[in-house]
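Visitor: Please take a close look at one part of this structure, the largest pocket. What lines it, and how is the lining made up?

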Amino acid sequence: PDLIDFNALDQGESAENLSIAFNLAEKHLGVPRLLDPTDLMMDTPDEKSVLTYLSYFGIHPPPSHPYPESPGETQAQWHKRSDQLAARLAEMEAALKQERQARSEA
């Protein structure tokens, strides 16, 4: 969560915000970019694809990313940070669903 300045994000730019999150997760956490923003902005995102992507946040960081940005960070701290990021992504997904629903009702 400390990789993203949430106050700087534009709530009206869901695709751009997702792209930023995906890029940061790949660069700093070693989580492969398995999804595009459009994958989550569909009326019905593929649940298995989303769960597969989110599961990468629970995997130990790869050797090339021992404990991103924090050399002294413990494994427990890293997992806490990755859990917080996964929770934030889930919140963003829920917001996207609400946004899609509001557009479809308009």
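Guide: What follows describes the largest pocket and one residue of its lining. This is a predicted model, in which local features need pLDDT of at least 70 and side-chain atom pairs count only at pLDDT 80 or more, while totals for chains, interfaces and linings use all residues. Residues are numbered from 1 along each chain as its sequence is written, and side-chain values use heavy atoms, with hydrogens and water left out.

The largest pocket has a volume of about 280 Å³. A pocket here is an open set of points on a 1 Å grid over the protein atoms alone, where a 1.4 Å probe fits, with protein on both sides within 12 Å along at least five of seven lines; lining residues have an atom within 4 Å of a point. The volume is the space filled by probe spheres set on the points, which are joined across faces, edges and corners.

Among the lining residues are Phe6, Leu9, Gln11, Asn17, Arg88 and Met92. Helices H1 and H4 each supply at least two residues of this lining, and H4 gives the most, with 6. A helix is a DSSP run (H or I, at least four residues), numbered from the N terminus. By class, the lining has 6 nonpolar, 3 polar and 3 charged residues; Asp, Glu, Lys and Arg count as charged, Ala, Val, Leu, Ile, Met, Phe, Trp, Tyr, Cys and Pro as nonpolar, and the others, Gly among them, as polar.

Asn17, one of the lining residues, sits in helix H1. Asn17 counts as buried because its relative accessibility is 10%, and buried means under 20% relative accessible area (1.4 Å probe, protein chains only). Leaving out residues up to four places away in sequence, Asn17 touches Leu9, Asp10, Gln11 and Met92, where contact means heavy atoms within 4.5 Å.

Note on methods:
Buried means under 20% relative accessible area, exposed over 50%, partly exposed in between (1.4 Å probe, protein chains only).
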